[in-house]
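Good morning, and thank you for coming. I shall take a few minutes to walk through one protein model, beginning with its overall character and then turning to individual places in the chain.

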Amino acid sequence: MIWNLSVQTVIPEGIPHGGTVASFGGAIQGIAYGRNRYKGPKPPLRSIHTYVFTVFVLDCQIDLASDSRKQDLLRKMEGHILQQARLSGKFQSHRE
C-alpha cells in the first residue's frame, strides 16, 4: 500500500523502500513482507495467480502512520473517494 501520492501520469518501477517516499512528495508506504516496501508478485509455485491493484483518487491527504494496516487505510478513506480504478493481471512463477 502507498498513499498520499502526488498526481502522476505513470507510477515508475522501483519505488524506494521506506515509510516515507520523498521522491513522491512524502507519500507513505505501508508494510509488506515485514518492511515498508513493495516486493513484487510472489505467486504459489507453478500456478497462475491473479493480482489486483486498486487506485483511489481522494479529496484529501490521509493521516496514517506507515505501520497502519489495510483496513485502517480503507476506513480513513471512507467518504473521501472521488474515483477508483482496478487493474488486474495474471502471473505465473517458473522458479524452481
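Of the 96 residues in this protein, 22% are buried. Please keep in mind throughout that the model is a predicted one. The accessible surface amounts to about 7300 Å², and carbon and sulfur atoms contribute 53% of that area. In extent, the C-alpha trace covers about 45 × 25 × 25 Å along its principal axes.

As to secondary structure, the protein holds 1 helix and 7 strands. Read from the N terminus, the order is β-β-β-β-β-β-α-β. If we take the contacts with a separation of 6 or more, 56% of them join residues that are 24 or more positions apart. There are 12 positive and 7 negative charges, and the mean positions of the two groups lie 10 Å apart.

Let me turn to the interior. Which residues form the largest nonpolar core? There are 6 of them: Trp3, Ile28, Ile62, Leu64, Leu73 and Met77. As general background, nonpolar side chains in soluble globular proteins tend to be buried together. Ile62 is a useful member to examine: leaving aside residues up to four places away in sequence, Ile62 touches Trp3, Asn4, Leu73, Lys76 and Met77.

Ala65 also reaches two members of this core. The residue sits in the loop between strand E6, residues 48-58, and helix H1, residues 70-77. With residues up to four places away in sequence not counted, Ala65 touches Trp3 and Ile28. Its relative accessible area is 44%, so Ala65 is classed as partly exposed. From Ala65 to His17 is 48 residues along the chain, and their C-alpha atoms are separated by 15 Å.

I now come to the sheets. An open sheet is formed by 3 strands in the order E1-E3-E2, with antiparallel pairing. Strand E1, residues 2-3, and strand E2, residues 20-21, are the edges; each has a single partner strand, so one side of each has no neighbour in the sheet. How many bridges join E2 to strand E3? The number is 2, and E3 comprises residues 27-29. Within this pairing, Thr20 is opposite Ile28 of E3. In general, strands of a sheet pair through backbone hydrogen bonds, in either a parallel or an antiparallel manner.

The loop between E1 and E2 deserves a moment, and two of its residues make a useful contrast. Asn4 lies in this loop, and Gly14 has its place there as well. Is each of them buried or exposed? Asn4 has a relative accessibility of 16%, so Asn4 counts as buried. Gly14, by contrast, stands at 69% relative accessibility and therefore counts as exposed. Asn4 has a further feature: its phi is positive, at about 65 degrees, although the residue is not a glycine. For context, most residues other than glycine have a negative phi. As for Gly14, its C-alpha atom is separated by 8.7 Å from that of Tyr38, 24 residues away along the chain.

The next pairing is that of E6 with E7. These two strands pair in the antiparallel sense over 11 bridges. Among the partners, His49 is bridged to Phe91 in E7. Strand E7 has 12 residues, 81-92, and 0 of them are buried, so the strand lies largely in the open.

One residue from each of these strands will complete the picture. Tyr51 belongs to strand E6 and, at 19% relative accessibility, counts as buried. The threshold for that term is under 20%. Apart from residues up to four places away in sequence, Tyr51 touches Pro41, Lys42, Pro43, Leu87, Ser88, Gly89 and Phe91. Tyr38 is 13 residues from Tyr51 in sequence, and 13 Å from it in space, C-alpha to C-alpha.

Ile81 lies in strand E7. Its relative accessible area of 36% makes it partly exposed. Not counting residues up to four places away in sequence, Ile81 touches Phe56, Val57 and Leu58. Ile81 and Cys60 are 21 residues apart along the chain, with 8.9 Å between their C-alpha atoms.

To close, I would recall two points: the largest nonpolar core, with its 6 residues, and the antiparallel pairing of E6 and E7 over 11 bridges. Thank you for your attention.

Definitions and conventions:
Residues numbered from 1 in each chain as written. Predicted model: local features only at pLDDT ≥ 70, side-chain atom pairs only at ≥ 80, totals over all residues. Heavy atoms only, no water. Helix = DSSP H or I, 4+ residues; strand = E, 2+ residues; numbered from the N terminus. Buried < 20%, exposed > 50% of the residue type's maximum accessible area, 1.4 Å probe, protein only. Contact = heavy atoms within 4.5 Å. Areas by Shrake-Rupley, 256 points an atom, 1.4 Å probe, with all protein chains shown as cover. Lys, Arg positive; Asp, Glu negative; His and termini not counted. Charge placed at Lys NZ, Arg CZ, Asp CG, Glu CD. Core = buried A, V, L, I, M, F, W, Y, C linked by side-chain atoms within 4.5 Å. Pairing = 2+ DSSP bridges.
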